[in-house]
Amino acid sequence: MTETASHGQAPRHIRDRLQGPGARLLKSWELLLFAVAVAIFVANSFASPYFLNAWNLSDATFNFTEKAMIAFAMALLIISGEIDLSVASIIALCSTAMGAAVQYGAGTPEIVLIGLATGLACGAFNAVLVTKMGLPSIVVTIGTMSLFRGISYIVLGDGAYRGYPAEFAYFGQGYVFWVISFEFVLFALLAVLYYVLLHRTNFGRMVYAIGNNATAASFSGIRVARVKFILFLLTGLMSGVAAICLTSRLGSTRPSIAFGWELEVVTMVVLGGVSILGGSGSIPGVVIAAFVMGLVTFGLGLLNVPGIVMSIFIGLLLIGVIALPRLWAMWRR
Amino acid sequence: MQVSLTTPPVAASSSGATADAAPVLRLEGITKTFPGVKALDGVTLELYPGQVTALVGENGAGKSTIVKTLTGIYQPDAGTISLAGAPVHFATAQDATAAGITAIHQETVLFDELSVAENIFIGHAPRGRFGLIDWPKMRKDAQEILSRIDADLDPDMPLRELGIASKHLVAIARALSVDARVVIMDEPTAALSHKEIEELYELVERLRAEGRAILFISHKFDEIFRIADRYTVFRDGQHVGSGLIADVDEAELVRLMVGRSVDQIFPQRAHNVGDEVLKVVGYAHPTEFDDINFTLRRGEILGFYGLVGAGRSEVMQALFGVTKPSKGAVRIDGQVRVIRSPAEAVENGIVYVPEDRGRQGAVIGLPIFQNVTLPSLAQTSRRGFLRLSEEFALAREYTERLDLRAAALDQDVGNLSGGNQQKVVIAKWLATKPKVIILDEPTKGIDIGSKAAVHGFMAELAAQGLSVIMVSSEIPEVLGMSDRVIVMREGLIAAELDGEDLTPENLVRHAAGIGAQP
């Protein structure tokens with residue numbers, strides 16, 4: 001279309017890429033978000049004398065590591081055009097199941113297995129309702145959000161499970177090396193795993209194809225229901241992993257555990273540049289978004305800003321970062 | 001935006017084409033660039049009052065872009081638009097409507113849940129006191145406009161209860177309600193039956209008599225020569241010619257469109273048919289089709305002809321595993337196969353190029369190369385891990401064979417024209433090395449140049465031993481390409497024709513169910 005017609009001649013050569021890697025990076029959402037992260041880091045270090053301290057920064061990572069673990073799986077799910085709003089309730093149910101097991105004298109390996117299995121089972125329940133019965137995932141998971149946490153409330157009421165074994169505390173409180181916590185190492189490891197899964201495998205490519213046009217993807221021979229089933233399983237499993245870390249860190253289980261986290265996880269994913277309509281987004285974006293959210297909450301915490309103001313700030317940040325590119329485009333016109 | 005129902009906007013002094021009239025709308029030097037593509041390159045377009053100007057060009061020539069520029073959806077990078085001699089600038093679609101430019105699109109943009117009158121007056125309903133909608137006046141005005149175009153429609157009827165042709169009438173009534181000086185019709189006959197097309201022609205005549213300038217976009221030459229006064233031809237985003245229809249013939253228009261003369265429409269092919277590849281036995285579906293039996297041989301092109309709704313696409317989608325047949329079996333290379341999903345069809349070597357390109361064919365949003373390799377990922381990857389260099393190589397091999405027009409392989413397939421998107425879909429399937437390729441209306445809405453390319457390619461594939469099923473409603477295409485033709489009517493096979501029986505008369509007779517010949 002760019003050149004004049006030349007039917008019937010030797011086939012013209014089509015370039016692989018329109019732009020080089022440098023130009024693509026410069027236009028990327030991730031770079032903009034990275035600049036925001038650096039700005040917040042610098043602002044924080046001026047705002048509070050306690051910010052630039054290795055142990056304080058290490059503590060700050062706990063603000064996002066558990067949520068980010070779920071956010072990686074959630075990113076894939078949202079890119080595929082689905083969503084899971086029951087993740088925080090899955091944490092509650094996993095934690096309740098683990099706490100109950102402790103009351104029957106389960107050891108750390110059993111507790112971990114029960115946490116993961118409960119997460120997988122919850123994910124499978126969502127997956128069956130969405131992929132086998134064809135129900136919209138937003139409705140299904142709003143339902144299971146109430147259902148899963150409701151079970152926790154029935155089991156625990158006003159009470160709490162305590163008495164976790166001493167070695168179970170390692171997942172949420174242990175340090176691998178100096179200030180590097182076990183949770184942070186797990187977060188980094190999962191970031192790499194999900195990066196590879198989404199950006200380097202056939203499975204990841206299918207996720208993008210489904211999110212852009214599920215009908216055409218199916219007409220291209222992709223087993224759409226199977227891919228979505230796996231994505232719900234993964235999200236459930238990651239909720240189980242987060243439940244283990246969080247329960248270990250808190251040392252107890254209450255039915256209100258991780259209350260409201262589903263929105264923070266979705267915020268992290270969207271802030272990371274994943275389209276809420278599906279089809280686009282990246283893991284590096286979600287990783288940077290996790291740091292941004294962690295830095296903001298931590299910096300405001302150091303300044304003794306109350307939690308409710310913090311959530312206002314996170315909300316403004318989300319709207320601001322998303323509106324920025326559009327405002328920029330409008331201004332240039 | 002007052003509605004003047006009694007006096008036409010421009011005196012309809014002459015309805016014929018004259019060279020000396022002044023254009024009501026003039027676009028000059030319009031350039032519009034998208035990433036990697038110059039969609040319009042300094043084009044000129046003039047529309048005259050009381051005349052129909054046909055805009056002709058291949059897919060990707062820039063026709064849609066100029067319509068969007070005219071209606072304020074796109075802003076040109078360079079060039080001027082002048083309306084009745086005064087320069088204008090359309091920042092939004094509302095600006096263009098206010099200036100009296102209205103478009104009737106291929107798929108009309110109307111609101112199913114609103115009434116006919118509301119659809120006609122949406123955005124400019126007559127207001128009464130306190131700025132509230134004056135319902136009685138709106139109903140009365142709607143009735144007047146409808147009767148002016150001889151449309152026997154109740155203004156209070158919800159739009160969803162109307163057929164496609166009636167919806168077109170509502171769209172036209174809407175165009176008249178804004179007192180449009182310029183009416184753009186973008187392939188208005190694509191979805192209409194023969195009778196409805198005739199009625200549309202009458203309407204165009206009426207609009208012309210009222211002195212409105214009409215831009216008529218069509219791929220059908222017979223209708224261009226029937227109703228247009230003038231023509232303008234675009235090729236690859238450039239203006240390559242314009243003038244009076246009376247001074248031009250079909251061959252000259254084709255030459256301008258493609259930049260060469262199309263001497264031979266259908267490729268000559270040797271009928272070299274081999275062993276049986278596919279056998280369908282007793283295929284049935286509760287509502288769509290029944291008792292479907294046919295065989296397909298190696299290197300054969302099997303045509304499926306019938307009226308729209310005869311069940312041809314439904315049979316093909318069942319073969320491809322999209323819908324489930326209630327009865328029947330499929331044998332591939334003599335072995336019974338069960339196909340429950342498109343994925344299983346692809347594994348068995350059956351691939352399907354759907355009629356609905358945008359929704360079922362190309363994955364808009366993914367780059368070209370990822371569209372091509374989507375069903376071939378097992379081949380380009382290693383142990384489930386992507387290998388981009390292999391993907392680019394595979395995509396390049398097949399897209400270049402199909403003479404794809406694109407700036408780069410990582411370009412979004414949605415930025416391509418319809419014909420080029422079709423090439424990407426075909427390339428995607430050829431890369432899987434299928435046994436049977438099903439093409440559902442492969443050249444519908446495609447320009448002549450791309451059509452010839454698709455036909456040539458089909459012949460080449462058959463010669464290489466691929467079996468082709470071609471669902472088509474175009475008689476010349478069915479006759480020109482097929483070795484054998486199955487005619488379907490109301491979900492049943494009405495006839496199987498080959499050799500001397502393969503005549504236009506027989507096709508039409510069996511498709512329409514007209515009694516047997518003596």
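Here are some notes on the two-chain model above, which is a predicted one.

1. **Membrane annotation on chain A.** An unreviewed UniProt entry marks "transmembrane region" on chain A at residues 31-52, 111-130, 137-155, 175-197, 229-251, 257-278, 285-302 and 308-329. I'd look at two of these spans in the model. Residues 285-302 of chain A are 100% helix and 0% strand, and the end C-alpha atoms lie 26 Å apart. Residues 31-52 of chain A come out at 77% helix and 0% strand, with end C-alpha atoms 23 Å apart.

2. **Helix 13 of chain A.** How many of the eleven residues of helix 13 are buried? Nine are, so this helix (residues 261-271) is largely enclosed by the rest of the structure. The buried set is Trp261(A), Glu262(A), Glu264(A), Val265(A), Val266(A), Met268(A), Val269(A), Val270(A) and Leu271(A). Do note the two glutamates in there, Glu262(A) and Glu264(A). Just past the end of helix 13, Gly273(A) has a positive phi of about 100 degrees.

3. **Phe125(A).** This residue sits in helix 6 of chain A, which covers residues 108-132. Is Phe125(A) buried or partly exposed? With 18 other C-beta atoms within 10 Å, Phe125(A) is partly exposed, because a buried residue needs 20 or more. Along the chain Phe125(A) is 31 residues from Cys94(A), and their C-alpha atoms are separated by 14 Å.

4. **Where the chains meet.** The contact draws on 31 residues of chain A and 50 residues of chain B. On the chain A side, helix 10 (202-212) and helix 11 (214-219) each put in at least two residues. Helix 10 of chain A gives the largest share of that side, six residues. By type, the chain A residues touching chain B split into twelve nonpolar, twelve polar and seven charged.

5. **Domains of chain B.** The domain assignment cuts chain B into four pieces: domain 1 (24-100 + 180-261), domain 2 (111-178), domain 3 (264-349 + 434-448 + 462-518) and domain 4 (364-433). Domain 1 and domain 3 are each built from separate stretches of the sequence. Between the C-alpha centres of domain 1 and domain 3 of chain B there are 37 Å.

6. **A hairpin in chain B.** Strand 9 (residues 230-235) and strand 10 (residues 238-244) of chain B are antiparallel partners, joined by six bridges. Together they make a hairpin with two residues between them. One of the turn residues, Asp236(B), has a positive phi of about 50 degrees. Where strand 10 of chain B begins, Gln238(B) stands opposite Arg235(B).

7. **The four-strand sheet in chain B.** This open sheet has the strand order 12-11-14-15 and antiparallel pairing. Strand 12 (292-297) and strand 15 (335-337) of chain B are the edges, each pairing on one side only. On average, neighbouring strands are turned by 20 degrees against each other, direction ignored. Inside the sheet, strand 11 (residues 276-284) and strand 14 (residues 327-332) of chain B share five bridges, and Val281(B) has Ala329(B) as its bridge partner in strand 14.

8. **Arg331(B).** The same sheet is where to find this arginine: Arg331(B) lies in strand 14 of chain B. Why does Arg331(B) count as partly exposed? Because it has 15 other C-beta atoms within 10 Å, while exposed means 12 or fewer and buried means 20 or more. Leaving out residues up to four places away in sequence, Arg331(B) touches Lys279(B) and Val336(B). Glu276(B) is 55 residues away from Arg331(B) in sequence, yet the C-alpha to C-alpha distance is 9.6 Å.

9. **The six-strand sheet in chain B.** The other open sheet to look at runs 16-17-18-13-19-20, and its pairing is mixed. Its edges are strand 16 (350-353) and strand 20 (492-498) of chain B, each with pairing on one side only. From one strand to the next the twist averages 20 degrees. At one end of the order, strand 16 of chain B runs parallel to strand 17 (residues 436-440), with four bridges between them. In that pair, Val353(B) finds its bridge partner in Leu439(B) of strand 17.

Note on methods
Residues numbered from 1 in each chain as written. Chains lettered and ligands numbered in written order. Predicted model: local features only at pLDDT ≥ 70, side-chain atom pairs only at ≥ 80, totals over all residues. UniProt positions renumbered as here; feature names shortened; annotations may be inferred. Pairing = 2+ DSSP bridges. Domains from an automatic or database assignment. Contact = placed C-beta atoms within 7 Å. Nonpolar A, V, L, I, M, F, W, Y, C, P; charged D, E, K, R; others polar. Axes fitted to C-alpha atoms, helices over the stretch in contact; angles between N-to-C directions.
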